[in-house]
Amino acid sequence: INNQTGKVINNTQNNKQQLAPLPFSLSALQIAAAKMFSMSAKQVLDICQQLYEKHKLITYPRSDCQYLPKEHLHDIPSVVNAIKSVSSKLSPMLEQADFNKKGSAWNDKKVSAHHAIIPTAKDKPTGSLSSDEGKIYELVAKQYLAQFYPNFEYSEKQINTEIAGGLFISRQKDIIKTGWKDLFSL
């Protein structure tokens with residue numbers, strides 16, 4: 001195809017959005033922690049039990065649900081204040097959140113026996129957190145805070161070009177607004 005003339009036969013551009021991921025169920029948290037921190041499922045469960053029973057910083061961890069009851073909307077200010085107090089690393093991220101945003105995570109019809117794992121309103125751990133406890137707490141808190149961030153927005157472009165009887169497809173993805181993904185770049 002060297003020195004051949006190409007003809008653009010199709011050119012498309014679509015703007016798209018991606019909603020924030022839902023809060024964690026136990027299995028979703030175990031998968032995320034395995035990817036990010038190379039922790040086993042048992043390690044994550046044990047750490048969650050400590051955060052729940054000893055420190056009282058997260059809600060019941062043995063949940064298979066990723067949704068929250070609407071009654072939890074009233075708890076947002078106290079949970080946000082607790083996150084600020086427990087994790088100074090996440091404090092700057094609170095300033096970019098819109099706590100009036102009500103996403104799809106709050107859905108009474110999709111809450112099973114237990115709701116998603118989220119931070120509690122308790123603003124101090126019982127004793128100090130271990131490094132791994134801090135990592136899991138911040139992961140749970142980020143997933144919760146993502147509910148209050150804008151959508152991730154991007155543009156998908158595709159150009160189909162015909163050269164010497166062959167079809168060549170070029171694709172490009174441009175970020176318009178990082179939105180909730182900003183939380184996970186820390």
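1. Start with Tyr60: in this predicted model it comes out as partly exposed, at 29% relative accessibility. Its ring partner is Tyr52, which is also partly exposed, with a relative accessible area of 31%. The two ring centres are 5.7 Å apart and the planes sit at 80 degrees, so this is an edge-to-face pair. Across the whole structure, the search turns up 7 aromatic pairs.

2. Staying with aromatics, have a look at the group made by Phe99, Trp106, Tyr144 and Phe148, which form one aromatic cluster. Tyr144 is worth remembering, as it is also among the residues with the most contacts inside the largest nonpolar core.

3. Two lysines have aromatic rings beneath them. The charged end of Lys173 sits over the ring of Tyr154, 4.4 Å from the ring centre. Lys181 lies over the face of Phe152, and there the distance to the ring centre is 4.4 Å.

4. Now the core itself. The largest nonpolar core holds 46 residues, and the ones with the most contacts inside it are Leu29, Ile83, Ile136, Tyr137 and Tyr144. Which elements supply it with at least two residues each? They are helix H1 (26-37), helix H2 (41-54), helix H3 (76-86), helix H4 (91-94), helix H5 (131-145) and strand S2 (152-163). H5 gives the most, with 7 residues. As background, nonpolar side chains in soluble globular proteins tend to be buried together.

5. If you want one residue to click on in that core, try Ile83. Leaving out residues up to four places away in sequence, Ile83 touches Leu90, Leu94, Pro119, Tyr137, Ala141, Tyr144 and Leu145. Two of these partners, Tyr137 and Tyr144, are themselves on the list of residues with the most contacts inside the core.

6. On to the H1/H2 packing. Two packed helices are described by the angle between their axes and the distance between the axes. Here H1 and H2 pack at about 115 degrees, with the axes 9 Å apart, and H1 passes H2 in a right-handed crossing. From H1, the residues involved are Leu26, Leu29, Gln30 and Ala33; they meet Ala41, Val44, Leu45 and Cys48 in H2.

7. Val44 deserves its own point. This H2 residue counts as buried, at 0% relative accessibility. Setting aside neighbours within four places in sequence, Val44 is in contact with Leu29, Gln30, Ala33, Met39 and Ile136. Val44 and Glu133 are 89 residues apart in sequence, but their C-alpha atoms are 9.0 Å apart in space. Ser27 sits in H1 and is 17 residues from Val44 in sequence, with 9.6 Å between the C-alpha atoms. Unlike buried Val44, Ser27 counts as partly exposed, at 45% relative accessibility.

8. Is Glu138 buried or exposed? Glu138 belongs to helix H5 and counts as buried, at 17% relative accessibility; the cut-off for buried is under 20%. Apart from neighbours within four places in sequence, Glu138 is in contact with Ser87, Lys89 and Leu90. For a contrast between sequence and space, take Glu138 and Gly165: they are 27 residues apart in sequence, yet 54 Å separates them, C-alpha to C-alpha.

9. Gln147 is another polar side chain to check. Gln147 lies in the loop between H5 and S2 and is buried, with 4% relative accessibility. Beyond neighbours within four places in sequence, Gln147 contacts Ala20, Pro21, Leu22, Pro23, Lys101, Ala105 and Trp106. Pro23 is 124 residues from Gln147 along the chain, and their C-alpha atoms are separated by 7.9 Å. Trp106, in contact with Gln147, is also one of the members of the aromatic cluster in point 2.

10. Last, some backbone angles to look over. Most residues other than glycine have a negative phi. Ser38 has a positive phi of about 55 degrees although it is not a glycine. Ser38 lies in the loop between H1 and H2 and counts as exposed, at 64% relative accessibility. Ala164, not a glycine either, has a positive phi of about 50 degrees. The loop that holds Ala164 runs between S2 and strand S3 (166-177), and Ala164 counts as exposed at 58% relative accessibility.

How values were computed: Residues numbered from 1 in each chain as written. Predicted model: local features only at pLDDT ≥ 70, side-chain atom pairs only at ≥ 80, totals over all residues. Heavy atoms only, no water. Core = buried A, V, L, I, M, F, W, Y, C linked by side-chain atoms within 4.5 Å. Buried < 20%, exposed > 50% of the residue type's maximum accessible area, 1.4 Å probe, protein only. Helix = DSSP H or I, 4+ residues; strand = E, 2+ residues; numbered from the N terminus. Contact = heavy atoms within 4.5 Å. Phe/Tyr/Trp six-rings, centres within 6.5 Å; stacked < 30°, edge-to-face > 60°. Lys NZ or Arg CZ within 6 Å of the ring centre and 35° of its normal. Axes fitted to C-alpha atoms, helices over the stretch in contact; angles between N-to-C directions. Left-handed = near helix turned anticlockwise from the far one by under 90°.
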